[in-house]
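Dear colleague,

Please find the structure below, handed over for your first look. The notes after it go through what was found, one topic at a time.

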Amino acid sequence: MGEHRITEAELQQRIVQAAGLYGWRVAHFRPARTVQGWRTPMQGDVGVPDLILARDGRVLLAELKSDRGRPTPDQELWLEALGDHGRLWRPADWIKINSELLRRHR
Ligand SMILES: [Mg+2]
């Protein structure tokens with residue numbers, strides 16, 4: 001994608017935009033600043049993927065990383081548990097991501 005290296009935040013913007021365009025429901029839980037530092041309000045197992053996407057009964061939970069970023073052990077456990085619903089997406093995967101979001105099943 002040219003000289004500019006796409007960050008995880010930019011990848012997320014692209015995906016959220018494309019998903020909206022293609023009719024997916026999409027959500028991302030942003031961390032909020034608390035007295036203990038940055039925290040995402042939640043209960044349960046940490047490492048939940050960055051994006052939840054749903055359309056026509058299809059659900060994907062996608063962990064986004066920069067091209068060199070590695071998932072944490074907690075993130076790995078989530079992806080393993082999600083099986084076919086889990087995705088690890090990087091900027092280098094953009095064409096594949098876009099076609100998966102575009103594709104209609106059944
Ligand atoms: Mg991430």
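**What was found**

Ile52 counts as partly exposed because its relative accessibility is 30%, where buried means under 20% relative accessible area, exposed means over 50%, and partly exposed lies in between (1.4 Å probe, protein chains only). Ile52 sits in strand β4, residues 51-55; helices (H or I, at least four residues) and strands (E, at least two) are DSSP runs, numbered from the N terminus.

Before going on, please keep in mind that this is a predicted model, in which local features need pLDDT of at least 70 and side-chain atom pairs count only at pLDDT 80 or more, while totals for chains, interfaces and linings use all residues. Residues are numbered from 1 along each chain as its sequence is written, and side-chain values use heavy atoms, with hydrogens and water left out.

**The magnesium ion**

Which protein donors does the magnesium ion have? They are Glu8 (OE), Asp50 (OD), Glu63 (OE) and Leu64 (O), lying 2.0 to 2.3 Å from the ion, where donors are N, O and S atoms within 2.8 Å of the metal (3.2 Å for Na, K and Ca), and sites may look incomplete because water is not among the atoms. Glu8 in helix α1 (residues 8-21) and Asp50 in the loop between β3 (37-39) and β4 are 42 residues apart, so this pair links distant parts of the chain. Glu8 is partly exposed, with a relative accessible area of 27%, whereas Asp50 is buried at 15% and Glu63 is buried at 2%.

**Salt bridges**

There are five salt bridges, if one counts a side-chain nitrogen of Lys or Arg within 4 Å of a carboxyl oxygen of Asp or Glu. Glu63, already named as a donor of the magnesium ion, also meets Lys65 in a salt bridge (3.8 Å, N to O), and Lys65 counts as buried, with 10% relative accessibility.

Another salt bridge joins the side chains of Glu100 and Arg87 (2.6 Å, N to O). This pair links distant parts of the chain, with Glu100 in helix α3 and Arg87 in strand β6 (residues 86-89), 13 residues apart. Glu100 is buried at 9% relative accessible area, Arg87 is buried at 18%, and both belong to a network of salt bridges that includes Arg58.

Are Asp56 and Arg104, whose side chains also meet in a salt bridge (2.9 Å, N to O), buried or exposed? Asp56 is exposed, and so is Arg104.

With best wishes
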